[in-house]
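Reader: I would be grateful for a close look at one part of this structure, namely the place where the ligand is held. Please describe the surroundings step by step, as for a first-year student.

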Amino acid sequence: MNEVLSGPDLKGKVALVTGGSRGIGRAISEAFAYAGARVAIMDLDGEGATAAAGSLPGEGHSGHQGNVADRESATGIVKQVQENLGTIDILVNNAGITRDNLLLRMKDEEFDDVIEVNLKGTFNLTRAVGRGMLKQRRGVILNIASVVGLMGNAGQANYAASKAGVIGFTKSVARELAPRGVRCNAIAPGFIRTDMTDALTEDQIGALQSQIPLARLGEPNDIAGVALFLVSPAACYITGQVLAVDGGMVMG
Ligand code: NAD
């Protein structure tokens, strides 16, 4: 059995997951840890990051308080993880925020904050791990975008722009780093049950479900399984792709 056919095995790999103290990032961290990786979780919520890292199966995980939108914070944590665990093999840019508002009511801060965290944060971390990955001529970057970045959403012009930006960024990085053995892909989740979607009313959920062919909201583990596949050797010939994991909402 070769490494592709034997299933996802991340033994000996070091993964950095941003926003991993809860929700989708936490589920991805768990999936990676079960597959044998050592996982470093970076989150604005430092206590949450430490607690989440401590709950993962296996040894060698760590939690770090940091802000992806802050360049110094990003480079500092990447350096710390490299010193403690070794070169980072896998980066998941998962940290993200929403500041929803209708276009004409949207404040400058609501637009800027979402771009700074979702798009600039993805850039900050990718640049910070890039040097090490290029040097070792291998690595995998996975960005968590959104179906909203593909199809738009009323009240989320800032968020949709940031996630469409992440998609363009993913394709450019994939082209730039492919000759050096580094892959870069994105997942575009549909509506997933986390704190981010907690504010949805039952009526809104009902309306959403009617647009989802699989007729349910997603769970964080629905994303984690696909993330594990995309960073594993089974996906070694996939780069620059955006995979919608959305119950069939966006097709084509
Ligand atoms: P969540 O709000 O439950 O978790 C986000 C995590 O990111 C939190 O732990 C938070 O502390 C952390 N975070 C926020 N800003 C940060 C920063 N500046 N630096 C470091 N950490 C920061 O959200 P979630 O639903 O798990 O979303 C995870 C990712 O998936 C986000 O990028 C989100 O845009 C994307 N996504 C979510 C959905 C959904 O329906 N839940 C759909 C599509 C895409």
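Author: In this predicted model, an oxygen atom of the ligand is found 2.9 Å from a side-chain N or O atom of lysine 163. The protein covers 95% of the accessible area of the ligand, which amounts to 840 Å² for the ligand on its own. Two further side chains make polar contacts. Asparagine 67 places a side-chain N or O atom 2.7 Å from a nitrogen atom of the ligand. In serine 21, a polar side-chain atom lies 3.2 Å from an oxygen atom of the ligand. Each of these pairs counts as a polar contact because its N or O atoms lie within 3.5 Å.

The shell as a whole may be considered next. There are 28 residues around the ligand, and those that come nearest are Asp43, Asn67, Asn94, Tyr159 and Thr194. Divided by class, this shell comprises 13 nonpolar, eleven polar and four charged residues.

As for its location, the ligand sits in the largest pocket. Helix 1 (23-34) and helix 6 (157-177) are the elements that contribute two or more residues to the shell around the ligand.

The pocket itself has a volume of about 1200 Å³. Its lining consists of 47 residues, and Gly96, Ile97, Thr98, Tyr159 and Met196 are the ones nearest the centre of the pocket. Two or more residues of this lining come from each of helix 1, strand 2 (38-43), helix 5 (148-151), helix 6 and helix 7 (202-209). By class, the lining of the largest pocket contains 22 nonpolar, 18 polar and seven charged residues. Tyr159 thus appears both among the residues nearest the ligand and among those nearest the centre of the largest pocket.

For reference, the second largest pocket has a volume of about 270 Å³. It is lined by 15 residues, with Lys13, Arg138, Val140, Val231 and Pro233 closest to its centre. The lining of this second largest pocket has six nonpolar, three polar and six charged residues.

Terms used:
Residues are numbered from 1 along each chain as its sequence is written. This is a predicted model: local features need pLDDT of at least 70, side-chain atom pairs count only at pLDDT 80 or more; totals for chains, interfaces and linings use all residues. Side-chain values use heavy atoms; hydrogens and water are left out. A residue is near a molecule or strand if one of its heavy atoms lies within 4 Å of it. A polar contact is a pair of N or O atoms within 3.5 Å; within protein, one must be able to donate a hydrogen and the other to accept it, and residues adjacent in sequence count only if both atoms are side-chain atoms. Accessible areas come from the Shrake-Rupley method with a 1.4 Å probe; for residues, only the protein chains shown count as cover. On a 1 Å grid over the protein atoms alone, a cavity is a set of points where a 1.4 Å probe fits but cannot get out, and a pocket is an open set with protein on both sides within 12 Å along at least five of seven lines; lining residues have an atom within 4 Å of a point. A molecule sits in a cavity or pocket if more than half of its atoms lie within 2 Å of its grid points. Helices (H or I, at least four residues) and strands (E, at least two) are DSSP runs, numbered from the N terminus. Ala, Val, Leu, Ile, Met, Phe, Trp, Tyr, Cys and Pro count as nonpolar, Asp, Glu, Lys and Arg as charged, and the others, Gly among them, as polar. Grid points are joined across faces, edges and corners, and a volume is the space filled by probe spheres set on the points.
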